[in-house]
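User: Hi! I've got a protein model open and I'd like to walk through it with you. Can we take it one question at a time?

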Amino acid sequence: MNFRVAVAEQLGQMGERATPAIPVLQMAVDKSNNPESRLAALVALIDIDPSVEEILPLVHQCLDDPSPEVRIKAISAWAEGAREKEAIEAMERLLVFPSAGVRAKAAEALDRLRVSDDHRA
């Protein structure tokens, strides 16, 4: 495990107490060339405060990450935090991604979104 991954994991475990680290984690997700580091930083951001609106654009950006693991985590976070119409559009776009894991997670997220929409109607 590399140092950046370990630090991100520790920050995520701290929860809301690590809120001051959000800008650094955002930069790691945005700028790191290492998919493992991007994934760890994204997970930490979600663990610190999944309701923080400021991370949604970054999560949306991760839907196009070259790493299937980063995309899968972003799918879960986006489906939970994004506005419904945007979430559905993003998940539908990922249904044709080459990785079977990404397609499966996108389909699962779409099912959850549609069920929650049916309960509201």
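User: Let's begin with the pocket. Which residues line the largest pocket?

Analyst: Sure, and keep in mind that this is a predicted model. The lining draws two or more residues from each of helix H1 (3–14), helix H2 (22–31) and helix H3 (35–48). The full list is Arg4, Val7, Ala8, Leu11, Val24, Leu25, Met27, Ala28, Lys31, Ser32, Ser37 and Ala41.

User: Which helix gives the most to that lining?

Analyst: The candidates are the helices that give two or more residues, namely H1, H2 and H3. With 5 residues, the top giver is H2.

User: How do the lining residues divide into nonpolar, polar and charged?

Analyst: Look at the names first: Val7 and Leu11 are among the lining residues, and so are Ser37 and Arg4. Sorted by kind, the lining comes to 8 nonpolar, 2 polar and 2 charged.

User: What is the volume of the largest pocket?

Analyst: Rolling a probe the size of a water molecule over the atoms shows where empty space is left. For the largest pocket, the volume comes out at about 240 Å³.

User: Lys31 was in that lining list. Which residue does its side chain meet in a salt bridge?

Analyst: Lys31 is exposed, at 58% relative accessible area. Its partner is partly exposed, at 36%. The N to O distance is 3.6 Å, within the 4 Å that a salt bridge needs, and the partner is Asp30.

User: Now over to helix H7. Which residues are linked in a network of salt bridges?

Analyst: Start with Glu108, which is partly exposed at 38% relative accessibility. Glu108 pairs with Lys105, with the closest N and O atoms 3.4 Å apart, and these two sit 3 residues apart in helix H7 (residues 100–120). Glu108 also meets Arg112, at 3.3 Å from N to O, and that pair is 4 residues apart, about one helical turn. So the linked residues are Lys105, Glu108 and Arg112.

User: What about Arg71, which is buried yet has no salt bridge: how far away is the nearest side chain of opposite charge?

Analyst: Arg71 is in helix H5 (residues 68–81). Leaving out residues up to four places away in sequence, Arg71 touches several others, including Cys62, Leu94, Phe97 and Asp64. Asp64 is the nearest side chain of opposite charge, but a salt bridge has to be within 4 Å, so this pair doesn't count. The distance is 4.5 Å.

User: Last one: how many helices does the protein have?

Analyst: From the N terminus on, the elements run α-α-α-α-α-α-α. There are 0 strands, and the number of helices is 7.

Conventions
Residues are numbered from 1 along each chain as its sequence is written. This is a predicted model: local features need pLDDT of at least 70, side-chain atom pairs count only at pLDDT 80 or more; totals for chains, interfaces and linings use all residues. Side-chain values use heavy atoms; hydrogens and water are left out. Buried means under 20% relative accessible area, exposed over 50%, partly exposed in between (1.4 Å probe, protein chains only). Lys and Arg count as positive and Asp and Glu as negative; His and the chain ends are not counted. Contact means heavy atoms within 4.5 Å. On a 1 Å grid over the protein atoms alone, a cavity is a set of points where a 1.4 Å probe fits but cannot get out, and a pocket is an open set with protein on both sides within 12 Å along at least five of seven lines; lining residues have an atom within 4 Å of a point. Grid points are joined across faces, edges and corners, and a volume is the space filled by probe spheres set on the points. Ala, Val, Leu, Ile, Met, Phe, Trp, Tyr, Cys and Pro count as nonpolar, Asp, Glu, Lys and Arg as charged, and the others, Gly among them, as polar.
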